[in-house]
Amino acid sequence: MCGIVGAVSLNSKSILVDCAKPMADSIAHRGPDDAGYLFFHTGSRHYNYKLSFFQNLTDDEFKNIDGMLPSIESDSMKRELCSHDYDLFLGHRRLAILDTSYAGHQPISDLSKNIWVVYNGEIYNFQEIKNELIKIGHKFKSNTDTEVIVYAYIEWGEKCIEKFNGMFAFCIYDNFKKRIILARDRYGIKPIYYNLTKDRTLIFASEIKAILKYKDYE
């Protein structure tokens with residue numbers, strides 16, 4: 001089933017980094033096989049110096065799976081997250097079905113680490129789209145439909161959604177254009193809820209209770 005959560009600041013205020021794990025934990029039943037957290041300083045609020053950097057994390061429970069990633073629960077990472085200005089967070093709880101290896105860990109990115117996706121659902125025609133993208137020249141590291149979303153977006157932009165046949169809810173972050181895209185399938189089979197807080201932070205999640213977790217930290 002999987003579950004996604006996230007927050008993006010639309011003004012000068014940083015996001016509340018302490019809420020990230022509680023938000024993801026609140027929907028752990030949707031994804032018992034892995035957890036991922038992406039924190040981004042996008043640079044979009046600094047007009048003259050658009051330096052960006054990020055932290056890509058897991059948690060202690062899944063360190064044996066994602067051995068290359070730091071844990072969000074470590075003291076050093078807690079200090080790191082609190083000492084910098086992050087304006088974007090993406091989180092994921094994974095139910096591993098297609099490609100159960102580490103290669104399917106989310107958030108997932110392109111090779112440049114500038115296009116990121118968190119995703120819940122199933123794209124039935126992903127193999128057909130993947131074959132089309134391979135013919136164009138794109139290369140893949142996994143057998144997931146999630147990675148197909150990444151490169152379909154790179155190739156066709158927002159119009160990639162028109163190619164997807166399935167049930168899905170996802171968020172794309174494009175660090176080149178400094179924008180996020182939230183999308184769901186045409187019938188809303190896979191839910192995505194969102195709320196704009198009083199300080200203009202956009203929060204979203206697969207379940208409302210994850211949004212309420214963010215509000216507990218306001």
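## Exercises on a predicted model

The charged end of Lys163 sits over the ring of Trp156, at 4.3 Å from the centre of that ring. The structure is a predicted model, and the exercises below treat its rings, its nonpolar cores, one serine and one sheet.

**Exercise 1.** Determine how the rings of Phe164 and Phe168 are arranged as an aromatic pair.

*Solution.* A pair of aromatic rings is described by the distance of the centres and the angle of the planes. Begin with the total, which comes to ten aromatic pairs. For Phe164 and Phe168, the centres are 6.0 Å apart and the planes make an angle of 85°. Since planes over 60 degrees apart count as edge-to-face, the pair of Phe164 and Phe168 is edge-to-face. As a last step, consider accessibility: both Phe164 and Phe168 are buried.

**Exercise 2.** Work out which elements supply the largest nonpolar core, and place Phe39 within it.

*Solution.* The largest nonpolar core has 24 residues, of which Val5, Ile15, Tyr37, Phe39, Leu81 and Phe89 touch the most other members. At least two residues of this core come from each of strand 1 (3-9), helix 1 (20-25), strand 2 (34-41), helix 2 (75-83), strand 10 (201-205) and helix 5 (208-216). A second, separate core holds 22 residues, including Ile108, Tyr119, Tyr151 and Ala183. Turning to Phe39, its contacts beyond four places in sequence include Ile15, Val17, Phe53, Ile72, Leu81, Tyr86 and Phe89. Ring pairs, moreover, link Phe39 with Phe53, Tyr86 and Phe89 into a cluster.

**Exercise 3.** Decide whether Ser71 is buried or exposed, and trace the polar partners of its side chain.

*Solution.* First locate Ser71, which lies in the loop between strand 3 (53-57) and helix 2. Its relative accessible area is 7%, and because buried means under 20%, Ser71 is buried. The side chain of Ser71 makes a polar contact of 2.6 Å with the side chain of Asp60, while a polar atom of the Ser71 side chain lies 3.1 Å from the backbone nitrogen of Glu73. Leaving aside residues up to four places away in sequence, Ser71 touches Thr58, Asp59, Asp60, Lys63 and Met77.

**Exercise 4.** Establish which strands stand at the edges of the open sheet of four strands.

*Solution.* Start from the strand order, which is 5-6-7-8 with antiparallel pairing. Strand 5 (108-109) and strand 8 (179-184) each have a single partner strand, so they stand at the edges, and one side of each is left without a neighbour in the sheet. Strand 6 (residues 115-123) and strand 7 (residues 166-174) pair over nine bridges in the antiparallel sense. Within this arrangement, Trp116 stands opposite Tyr173 in strand 7.

Notes:
Residues numbered from 1 in each chain as written. Predicted model: local features only at pLDDT ≥ 70, side-chain atom pairs only at ≥ 80, totals over all residues. Heavy atoms only, no water. Core = buried A, V, L, I, M, F, W, Y, C linked by side-chain atoms within 4.5 Å. Buried < 20%, exposed > 50% of the residue type's maximum accessible area, 1.4 Å probe, protein only. Contact = heavy atoms within 4.5 Å. Phe/Tyr/Trp six-rings, centres within 6.5 Å; stacked < 30°, edge-to-face > 60°. Lys NZ or Arg CZ within 6 Å of the ring centre and 35° of its normal. Polar contact = N/O pair within 3.5 Å; in protein donor to acceptor, adjacent residues only side chain to side chain. Pairing = 2+ DSSP bridges.
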